[in-house]
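These are my notes on a single protein chain. I looked up its elements, its buried positions and its surface in turn.

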Amino acid sequence: MELDMAADELKSVLNRLRRAQGQLAAIIRMIEEGRDCEDVITQMAAVSRALDRAGFAIIATGLQHCMADDTVEPADRNQMRARLEKLFLSLA
């Protein structure tokens, strides 16, 4: 299953991942500086949400493309849907 996303979809996902990357770097600095545990955990939760949203966006796009592709045989479509559902559940 290829990652086939439109430019605007891809840009949104990449922005989320870059934001998460920046947040993760900030968390590492916070830990190195001995910052408050509550602040660190709050930032970790934000990174987790950003990663989840990026993952869900990728899965939703894959599902949309899978269901819209008329060239895919019904059996293959069901198999693709099952794979995407499994990926979705891995993020839940």
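**Entry 1: a side chain and the backbone.** I began with Thr-61, where a polar side-chain atom lies 2.9 Å from the backbone oxygen of Ala-57. The model is predicted, and I read this distance accordingly. I placed Thr-61 in helix α2, which covers residues 37–68. Is Thr-61 buried or exposed? Its relative accessible area is 7%, so I entered Thr-61 as buried.

**Entry 2: the chain as a whole.** I then turned to the overall layout. The protein chain holds three helices and zero strands, and its elements run α-α-α from the N terminus on. I noted that 20% of the 92 residues count as buried. For the accessible surface I recorded about 6800 Å², with 56% of it belonging to carbon and sulfur atoms. I also looked up contacts between residues at least 6 apart in sequence: 59% of them join residues at least 24 apart.

**Entry 3: helix α1.** Next I checked the dimensions of α1. This helix has 26 residues and reaches 37 Å from its first C-alpha to its last. The expected value at 1.5 Å a residue is 38 Å, and the computed span is close to it. After α1 comes Gly-34, for which I noted a positive phi, near 75°. Which residues of α1 are buried? I listed Val-13, Ala-20, Gln-23, Ile-27 and Met-30.

**Entry 4: Gln-23.** From that list I selected Gln-23, which sits in helix α1, residues 7–32. Why does Gln-23 count as buried? Its relative accessible area is 18%, and the cut-off for buried is under 20%. I then looked up its contacts, leaving aside neighbours within four places in sequence, and found Gln-43, Ala-46, Val-47 and Ala-50.

**Entry 5: a nonpolar patch.** Finally I examined the surface. Leu-10, Leu-14, Leu-17 and Leu-51 form a nonpolar patch there, and together they have about 290 Å² of accessible area. Which element gives the patch its largest share? I recorded α1, with three residues. I looked at Leu-17 individually: this residue lies in helix α1, and its relative accessibility is 35%, so I entered Leu-17 as partly exposed. In the same helix, I had entered Gln-23 as buried at 18%.

Terms used
Residues numbered from 1 in each chain as written. Predicted model: local features only at pLDDT ≥ 70, side-chain atom pairs only at ≥ 80, totals over all residues. Heavy atoms only, no water. Helix = DSSP H or I, 4+ residues; strand = E, 2+ residues; numbered from the N terminus. Buried < 20%, exposed > 50% of the residue type's maximum accessible area, 1.4 Å probe, protein only. Contact = heavy atoms within 4.5 Å. Areas by Shrake-Rupley, 256 points an atom, 1.4 Å probe, with all protein chains shown as cover. Patch = residues over 30% accessible without salt bridge, like charges linked within 9 Å, V, L, I, M, F, W, Y side chains within 5 Å. Salt bridge = Lys/Arg side-chain N within 4 Å of Asp/Glu carboxyl O. Polar contact = N/O pair within 3.5 Å; in protein donor to acceptor, adjacent residues only side chain to side chain. Expected span 1.5 Å × (residues − 1).
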